[in-house]
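User: I'm new to reading protein models. Could you walk me through a few features, one at a time?

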Amino acid sequence: MEKPFGDETTCQVCGKPAIGMEILGCCKCVVCEEHASIHLRNLSPGEKLISGACYYVRYKKPGIDP
């Protein structure tokens with residue numbers, strides 16, 4: 001599902017409200033609860049995780065930038 005450039009409030013896979021971003025090396029994906037990895041789902045709202053070349057950002061509220 002194609003989204004406008006810079007839209008970080010909706011899932012890039014299905015269009016539902018996003019819970020956060022997953023940056024895997026040089027690729028960024030904004031995802032909802034359903035499409036998020038276990039690493040992102042395990043974070044508390046507002047929390048961030050850096051793991052090697054991967055960076056996970058959980059939004060404070062779904063569909064809202066951190």
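Analyst: Sure, let's start with a cysteine: Cys26 is exposed, at a relative accessible area of 78%. Buried means under 20% relative accessible area, exposed over 50%, and partly exposed in between (1.4 Å probe, protein chains only). Keep in mind that this is a predicted model: local features need pLDDT of at least 70, side-chain atom pairs count only at pLDDT 80 or more, while totals for chains, interfaces and linings use all residues. Residues are numbered from 1 along each chain as its sequence is written, and side-chain values use heavy atoms, leaving out hydrogens and water.

User: How many disulfides does the structure hold?

Analyst: A disulfide is a covalent bond between the sulfur atoms of two cysteines. The cut-off here is a pair of cysteine sulfur atoms within 2.5 Å. This structure holds 0 disulfides.

User: Why is Cys26 not bonded to Cys27?

Analyst: Because their sulfurs are 4.0 Å apart, too far for a bond, even though Cys27 has the closest cysteine sulfur to that of Cys26. Cys27 itself is partly exposed, at 48% relative accessible area.

User: Which residues make up the largest nonpolar core?

Analyst: A nonpolar core is a set of buried Ala, Val, Leu, Ile, Met, Phe, Trp, Tyr and Cys residues joined through side-chain atoms within 4.5 Å. The largest one has 8 residues: Cys11, Ile19, Val31, Cys32, Ala36, Leu40, Leu43 and Tyr56. There's also a second, separate core of 5 residues, including Met21 and Val30.

User: How far apart are Gln12 and Val31 in space?

Analyst: They sit 6.1 Å apart, C-alpha to C-alpha, with their positions 19 residues apart in sequence numbering. Gln12 is partly exposed, at 29%.
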